[in-house]
Amino acid sequence: MKVSNINNINRQQSFKSNLTGVAKVADIFLKSQENLSSTRFIQDTATNWAPKAIFARSKADFAEMTFLEFLESGIFYFASPLLGEKLFRNNVFNKFSPKNIRETVNKQIPNTVEQITKNPTLTDEVKKRAISTKAGIVLACAAIPIAEYTLSFAKNLFTLKTFNKSNFNNIANLDKNNNEKEDKAQQERVEKSAKNQLKKAAIYSAVGVGAGALLAVNGHKSEALQNVSKAILEPGKAVGKFVKSEKVKNTLGKFSLDFANNNGKLALSKGQLALTAILGLFGYSKAAEDRGKLDVAEVWTRVPLVVFYTIFGGELFEKGFTKILEKKNKFPDILQKTAEGKVKLPTRAELPALAEKAAKLKNSTQTKELARLTKEKAFVEAVPYAFSLIFMGFTLSAITRLWTQFRYNHQAHELLKTKQETKFEFEHPEIFKNFNGISS
């Protein structure tokens, strides 16, 4: 084992042995922020689920929201590592390359197209096979955004079969007098629509796997297939070739459907996250159409904000917050500027080394400095996290539900008013007959 690795392990162990009190709690929070998918799954699911659970309007509303949140988090945190990394990369697509270069090709899969093409140690065949295999895996993982789109239809079917309800007004308990009856015709439409979407999802996913396998096997054989592979991985750059503006071209070039590289393993990238979240929005909306106008209105009140925050908001808020702290010269040991002028926040694993350095400069102890740095880093990360929990969780959930109830009450009032006017006209036709005579 290398000396640097031993030092890193020793520094990591110092977290457990030296931190106490508030610093220990802060470290537990940081560990949850930087840990494995399982930890983030539990944390983020609780963040999204808890506020909605508190504001649940009925047993059916609570059950379908729980069904949706847990499966959705599973898609975001486990689908890419399980499908992309463990299944397709290491157990299926690695077998498509010749044995003599199989391991070399497989090692290049987490790298970007640019890193592969500009690597002077690789042969042209390895480069081409690596790029086409990467693109094939992305196609095979089309099941991930497809599953996100279809999830809302599965939720509709789950609620129908579990609670025998398809009318959103009843599911959300908007009619406090329980006067609305379930429409059998609507229930049949909801069931048929959901089953059709699930069948389509299975077919499209299978097509994606088949197309991905064909591309991985044959993609190295022609320049045209190489270009297709690159376009699949980096569609922004492919589209940018037809754009004259350099600014627009650079912006488009940032959009990629390639996987993120998580220490040599495939993980969900920002581009894949964006595609999955946007498709999820339209899946939410389309599934809501089957259950009523108020369901559609609620989706478009809440979900676009959630999608925007999921893709951009968290990062934008965190960057804005760290900029404010940096300008006010707060936490200089934590908020350090890179050569490009950007503010860099060290990882939890880097804190012991920073503490050792700070202890020498300040004539302090490493334990004391480690505790200080841990609390500072936790504060910088906790404020955006709290914003997400309070605003995107509790506040948005409460506003959405109040707004939906207001819409329903207004709709019910207008309907009652129309019925009363119709009844009065029916009971007193002579008044309207005379009124029509005067008008004419």
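Q186 sits in helix α10, a helix that spans residues 184–218. In this predicted model, Q186 is tucked away: its relative accessible area is 9%, so it counts as buried. Its side chain makes a polar contact with the side chain of S166, at 3.2 Å. Setting aside neighbours within four places in sequence, the residues in contact with Q186 are S166, N167, D290, R291 and G292.

Helix α10 also holds V207, and here the setting is quite another one. V207 has a relative accessible area of 52%, which puts it in the exposed class because the cut-off for that class is over 50%. Together with I203 and Y204, V207 makes up a nonpolar surface patch of about 320 Å².

Stepping back to the whole chain, there are 18 helices and four strands. The chain has 440 residues, and 41% of them are buried. About 24,800 Å² of the protein chain is exposed, with carbon and sulfur atoms supplying 61% of that area. As for how the chain meets itself, take the contacts between residues at least 6 apart in sequence: 66% of these join residues at least 24 apart.

Charged pairs come next, and the count of salt bridges comes to 21. R57 takes part in a couple of them. One is with D61, where the N to O distance is 3.2 Å. Another is with E298, and there the closest N and O atoms are 2.9 Å apart. This R57 and E298 pair links distant parts of the chain, 241 residues apart: R57 is in the loop between α3 (37–54) and α4 (59–92), while E298 belongs to helix α15 (residues 293–327). Are these partners buried or exposed? R57 has 15% relative accessibility and so counts as buried. D61 is buried too, at 5%, and E298 is likewise buried, at 9%.

The salt bridge between K118 and E114 has another kind of setting. Its closest N and O atoms are 3.0 Å apart. K118 counts as exposed because its relative accessibility is 60%, whereas E114, at 41%, counts as partly exposed. Salt bridges can also join up into something wider than a pair: D333, K362, E369, R372 and E376 are linked in a network of them.

Aromatic rings add another set of links, with a count of ten aromatic pairs. One of these is formed by F67 and F158, which are stacked, with 4.6 Å from centre to centre and 10° between the planes. F67 lies in helix α4 and F158 in helix α8 (residues 143–163), so the pair ties together parts of the chain that are 91 residues apart in sequence. Where do the two rings stand between buried and exposed? F67 has a relative accessibility of 22% and so counts as partly exposed. F158, with a relative accessible area of 26%, is also partly exposed. Elsewhere among the aromatic residues, W49, F62 and F70 come together in one aromatic cluster.

Methods:
Residues numbered from 1 in each chain as written. Predicted model: local features only at pLDDT ≥ 70, side-chain atom pairs only at ≥ 80, totals over all residues. Heavy atoms only, no water. Patch = residues over 30% accessible without salt bridge, like charges linked within 9 Å, V, L, I, M, F, W, Y side chains within 5 Å. Areas by Shrake-Rupley, 256 points an atom, 1.4 Å probe, with all protein chains shown as cover. Salt bridge = Lys/Arg side-chain N within 4 Å of Asp/Glu carboxyl O. Helix = DSSP H or I, 4+ residues; strand = E, 2+ residues; numbered from the N terminus. Buried < 20%, exposed > 50% of the residue type's maximum accessible area, 1.4 Å probe, protein only. Polar contact = N/O pair within 3.5 Å; in protein donor to acceptor, adjacent residues only side chain to side chain. Contact = heavy atoms within 4.5 Å. Phe/Tyr/Trp six-rings, centres within 6.5 Å; stacked < 30°, edge-to-face > 60°.
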